[in-house]
Amino acid sequence: MDFTTKIPIAKSNAPIDYSSKIVSIGSCFADNIGEKFDFFKFQTTSNPFGIIFNPVSIEKIVDRAINLIYFTDGDLFFHNELWHCYEVHSDLSSENKEEFLSNLNQILKETNQQLTTATHLIITYGTSWVYKLKPSGTVVANCHKVAQNQFDKEILSVEEIEKSIRNSIDLIRKANPNCNLIFTISPVRHLKDGFIENQLSKAHLITAVQKISNHQLSNIHYFPSYEIVMDELRDYRFYAQDMLHPNSIAIDYIWERFCESTIVEEANSIMQEVESIQKGMAHRPFHPQSISHIKFLQSLNEKAALLEAQFPFMKF
């Protein structure tokens, strides 16, 4: 007897292996998947400019990175004792203007190199709701706790989202024609917008992404992370304490489904070795000076050295 409605996911015709170079951009769910890739020692970069939720802001940062449109003083502003930029997350904000600007442009150069050499780009959209600066009407990626009366809140139409996604695709394809794009919708619910408003927001994203993924070339894929949480994991035991974000069990399950469909089976044995080493290194012994533990560490280091010799990009 089945107790869940399992979503069928077709296997990717361009699966990921340990030679792949992966970039993840978008909502906090992009970070969740990025952390999994990092744990298993894939060649990966996740949200170099921090979490970005809406399609227009993702398009803008992709445009900057691909075309190397450097940040200038005019892109920065001072608020609550820190320098900020409306195009990036608050995690990058700084007390020092010059350091902040230099850091942004260094990340920009690195992101350009990563996007132009990536084999796979994963973009996770979180919301259709955007905040536009008054009076310019510029969509911001992050409000940085500036007073809400400085913004107009609007929901992007399906047509606006579709246009923005197509622009992002065109930017990537011109710079990196062989890059495989994987789109997904974040399962995190944005209930501050309202229950009905959140559903409308996700519906706009899903409709726009489906219109594109159903009529594009084979190197564009859709992974149903939102649908997995909504249909396979229909239970609050799969949510964190805020009842909005998927908990670690849900993230592990989504990762399993992702591996089944998007990572080559031949990588499984390497992933198991990496996991064994990672867990061994995280182990905290009661008697660290004991002979048995010293032998355990020696064995662990030998296993790590073998993998690092086989895959020079791996560092334990």
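**Entry 1: largest cavity**

I looked up the volume of the largest cavity first and got about 50 Å³. I note here that the model is predicted. In total I found two cavities of 30 Å³ or more in the structure.

Next I listed the residues that line the largest cavity. From the region before helix H2 (55-67) I wrote down Ile25, Asn47, Pro48, Phe49, Gly50 and Ile52. The rest of the lining is Ile61, Val62, Ala65, Thr111 and Leu115.

Which helices each supply at least two residues of this lining? I noted H2 (55-67) and H3 (97-117). The largest share comes from H2, with three residues.

I then sorted the lining of the largest cavity by class. I counted eight nonpolar and three polar residues, and no charged ones.

**Entry 2: second largest cavity**

I moved on to the second largest cavity, which has a volume of about 40 Å³. Its lining includes three phenylalanines, Phe29, Phe223 and Phe258. I also recorded Ile33, Ile122 and Ile182, along with Thr124 and Thr184, in this lining.

Which elements give two or more residues to the lining of the second largest cavity? My list reads helix H1 (28-39), strand S5 (120-125) and strand S9 (180-185).

By class, I have six nonpolar and two polar residues for the second largest cavity. No charged residue lines the second largest cavity.

**Entry 3: recap**

I put the two class counts side by side. The lining of the largest cavity has no charged residues, and neither has that of the second largest.

Definitions and conventions. Residues numbered from 1 in each chain as written. Predicted model: local features only at pLDDT ≥ 70, side-chain atom pairs only at ≥ 80, totals over all residues. Heavy atoms only, no water. 1 Å grid on protein atoms, 1.4 Å probe; cavity = no way out; pocket = protein on both sides within 12 Å on 5 of 7 lines; lining within 4 Å. Points joined across faces, edges and corners; volume = space filled by probe spheres on them. Helix = DSSP H or I, 4+ residues; strand = E, 2+ residues; numbered from the N terminus. Nonpolar A, V, L, I, M, F, W, Y, C, P; charged D, E, K, R; others polar.
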